[in-house]
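This report describes a structure with the fold of one chain, the pairing of its copies and the surroundings of the DNA strands in turn.

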Protein chains: 2
Amino acid sequence: MARSKPTLGSKAQKNARESISLKTLAEHLGLSKTAVSLVINRVPAAKSIPHRTQELIRAAARELNYRPNHLARSLRQQRSYTIGVLVPEISEGYAALVMSGIEDHLLQEGYFYFVVSHRHRNELIEEYPLLLQQRAVEGLVAVDTALSEGVQVPLVAVSGHRDLPGVTNIVLNHARGATLALEHLAKLGHRQMAFIKGQEFSSDTAVRWDSVRGAATELGIEIKERLVGQLEGESSSPELGYQVARKLLALGDPFTALFAFNDISAIGAIQALREAGRRIPEDVSVVGFDDIQSAAFQNPGLTTVKQPLREMGVLAAQTVLERINAPVKQPYPKEIIVEPDFVVRGSTGPVPRSAREK
Amino acid sequence: MARSKPTLGSKAQKNARESISLKTLAEHLGLSKTAVSLVINRVPAAKSIPHRTQELIRAAARELNYRPNHLARSLRQQRSYTIGVLVPEISEGYAALVMSGIEDHLLQEGYFYFVVSHRHRNELIEEYPLLLQQRAVEGLVAVDTALSEGVQVPLVAVSGHRDLPGVTNIVLNHARGATLALEHLAKLGHRQMAFIKGQEFSSDTAVRWDSVRGAATELGIEIKERLVGQLEGESSSPELGYQVARKLLALGDPFTALFAFNDISAIGAIQALREAGRRIPEDVSVVGFDDIQSAAFQNPGLTTVKQPLREMGVLAAQTVLERINAPVKQPYPKEIIVEPDFVVRGSTGPVPRSAREK
DNA sequence: GTAGCATGCTAAACCGATTTAGCCCACATA
DNA sequence: TATGTGGGCTAAATCGGTTTAGCATGCTAC
């Protein structure tokens, strides 16, 4: 009565690792593709299929190692469970941290994602979103990348600042970040501060600089034009910060603190300062921005405005999925603001005695 | 006679950004899907279609912004132009550098890729390759990840050491790396050396340690068991190296040099050494491994064995594509060896006078 | 005058799933 | 006895492309 478990032919067993199609599986079972598909996907319509049959189907699927072809399924369902992620560069601390947050949430929710890095080349920034949409991504996440045009799918921009239709921007509260940094330096007695602005192309540059000026005014700190440098060049190496710091030093105007656009440039600037004989933090206090991994590895540790980069990645992933899965075209958030933290490490200290009397 | 360029209805124009199907395009042109497809893909069979028609087709495709659905194409052609990349973690220096090399080459060749990170969790290491194959990847690249089973598609393992069917391993010449490091230290006069081995799960741990022992023997350097520590724990933070260095210091056995498993742990170890009052490099010389970005950002810069990580990524991508596109089942390389470099920075120096007489 | 061939296409199958519509049978009900 | 009604399925359409096979037509060669 109880038929023994059907043993598969040696061929089937040997090829168990190979992919088998729904059709083959259905034929093997003597059932229709429909029936098998219904059961495998546990759709409500399968309720009219008796338990016994369902079990047979599932057992055979397991045994033959059936795995539905995702392409075919996506094509039919018009759902790919795939997201596109656009970053300037992978190997850099900032994007890597955001990505790890994105990945965490997406994979957990059963989505996969394509990554493309454009290295700030405009034609790629234009082309990749199109290529990704051709590949049927259901949404896009752009990290530190100013997309020029609206796209057909939900788009979440981490550190995006443009108000475009269809875009949700995830932005740091830069005003708060600037205030935290300047307050910290002011409390330590610093008045003569130098600054490094970001590259023109970085989407945070303008906002952050406005925030710094706002905070400076608020705190009664004067910003001298001659003590303001700007990063130049595509790369994301400390070399850029090094160059800017050298220029600032060459001008000869005194300063006891330096607030850099990001950690990478702060690290480069420290190198330049040291070469010029300035000790950190005894002669010059340095504050970075981002809190990338190597900020903590520095010696002394880098005091910095911490962006919750991983969390911003998670938030971006959550938001894009919410928008994708919203029942109808609902209103979506245009902007989500996250709060910075301030991490005090060894690169900042009290203003040196020599500069104190001023 | 020369009909003016057909103006598209305002609706078509307005929706130009929306995706349009081959069928729609063909109907718009009054031609068959076949004809349009042949021309768009510039297949040889299109030679029987006159130039005039071809131009009409291409013009319409451009105008209506036709972009073939990649899913449909992949399904029919049984080619997805997609690779799966398996890494332990994205935000870590090692994997990020390799990935940037992989990406560079893949995108250049018109392939996209999925990234998944498994964080050393075994069930994910098992499951992800299957999920990726369900998504029809044509090949896999595994970075610092020991895959247990053969897969159905070409697999290239960066820093893989197991000899599995279907796998190409890309490995560093570890013997050379170890020799470079130990020779450097020996020339500086160091004899009492401490070592930090990698975690058990890291695929490089065993090979590298064997190489270190081999090189030590060759150079007549004695390795004391009590001066050998091992990283423990999943994370990739310097904290792990810090802990190991503390243990080594606690044992009290003197050493003037430390060779760490990687840069991250070297950075942590330096922190511990400094806290114990040892200056780098005056009291202890430290050598890392990998040459991740932050190695150069350290102060002093970290002397290290440089793995050509980016190049290894490019090589992995090249190899996997070559294997995919090989005309028939050809023999494929089982192993590709790359050479390390040695980068001398400030973390190493001559053995201290006090230890020299020994 | 017609076989043969090139030209310029098209119809239909196919990739591998999901999904809609509906068939057949047994049983209950009027 | 005719009429639902639910159970247990299946056939066929569909997603959007590519690819195979082949159909007219007109011209050339014999």
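Two residues are in contact if their C-beta atoms, placed from the backbone, lie within 7 Å. On that basis, residues 24 or more positions apart account for 71% of the contacts in chain A with a separation of 6 or more. The model discussed here is a predicted one.

**Chain A**

Chain A contains 14 helices and 12 strands. Its radius of gyration is 28 Å, well over the 21 Å that the globule rule gives for 358 residues, so chain A is more spread out than a compact globule. Along the principal axes, the C-alpha atoms of chain A fill a box of roughly 100 × 40 × 35 Å. Of the 358 residues in chain A, 45% are buried.

**Relation of the two copies**

Chain A is superposed on chain B by a rotation of 180 degrees, with 0.0 Å of shift along the axis and an RMSD of 0.0 Å. The two copies are therefore related as by a two-fold rotation axis. Among the residues of chain A, A:Phe114 comes closest to this axis, its C-alpha atom lying at 2.5 Å. The same surface serves both copies, since 100% of the contact residues of chain A recur in chain B.

In this interface, 36 residues of chain A are in contact with 36 residues of chain B. On the chain A side, two or more residues are given by each of α5 (70–77), α6 (93–108), β2 (112–117), α7 (122–134) and α12 (293–297). That side of chain A has 18 nonpolar, 13 polar and five charged residues.

**Surroundings of the DNA strands**

DNA strand D is surrounded by 27 residues, of which A:Ser32, B:Leu22, B:Ser37, B:Asn69 and B:Ala72 are the closest. Elements from both chains give two or more residues to this surface: α3 (33–40) and α5 of chain A, and α2 (22–29), α3 (33–40) and α5 (70–77) of chain B. The largest share, five residues, comes from α5(B).

Around DNA strand C there are 27 residues, and A:Ser21, A:Leu22, A:Ser37, A:Ala72 and B:Ser32 come nearest. At least two residues of the surface near DNA strand C are supplied by each of α3 and α5 of chain A and α3 and α5 of chain B. Here α5(A) gives the most, with five residues.

The table sets out the classes of residue on each surface.

| Surface | Nonpolar | Polar | Charged |
|---|---|---|---|
| Chain A side touching chain B | 18 residues | 13 residues | five residues |
| Near DNA strand D | 11 residues | 10 residues | six residues |
| Near DNA strand C | 12 residues | 10 residues | five residues |

**Strand pairing in chain B**

Strand β10 of chain B (residues 303–306) pairs with two other strands of that chain. With β9 (residues 285–290), β10(B) runs parallel, and four bridges join them. With β12 (residues 341–343), β10(B) pairs in the antiparallel sense over three bridges. B:Lys306 takes part in both pairings: B:Asp290 stands opposite B:Lys306, and B:Asp341 in β12(B) is the bridge partner of B:Lys306. In a regular strand the side chains alternate between the two faces of the sheet.

Notes
Residues are numbered from 1 along each chain as its sequence is written. Chains are lettered from A and ligands numbered from 1 in the order in which they are written. This is a predicted model: local features need pLDDT of at least 70, side-chain atom pairs count only at pLDDT 80 or more; totals for chains, interfaces and linings use all residues. Ala, Val, Leu, Ile, Met, Phe, Trp, Tyr, Cys and Pro count as nonpolar, Asp, Glu, Lys and Arg as charged, and the others, Gly among them, as polar. The radius of gyration is taken over C-alpha atoms; the globule rule is 2.2 Å times the number of residues to the power 0.38. A residue is buried if 20 or more other C-beta atoms lie within 10 Å of its own, exposed if 12 or fewer, and partly exposed in between; C-beta atoms are placed from the backbone. A residue is near a molecule or strand if its C-beta atom, placed from the backbone, lies within 6 Å of it. Two strands pair if DSSP finds at least two bridges between them. Copies are superposed by least squares on the C-alpha atoms of residues with pLDDT of at least 70 in both.
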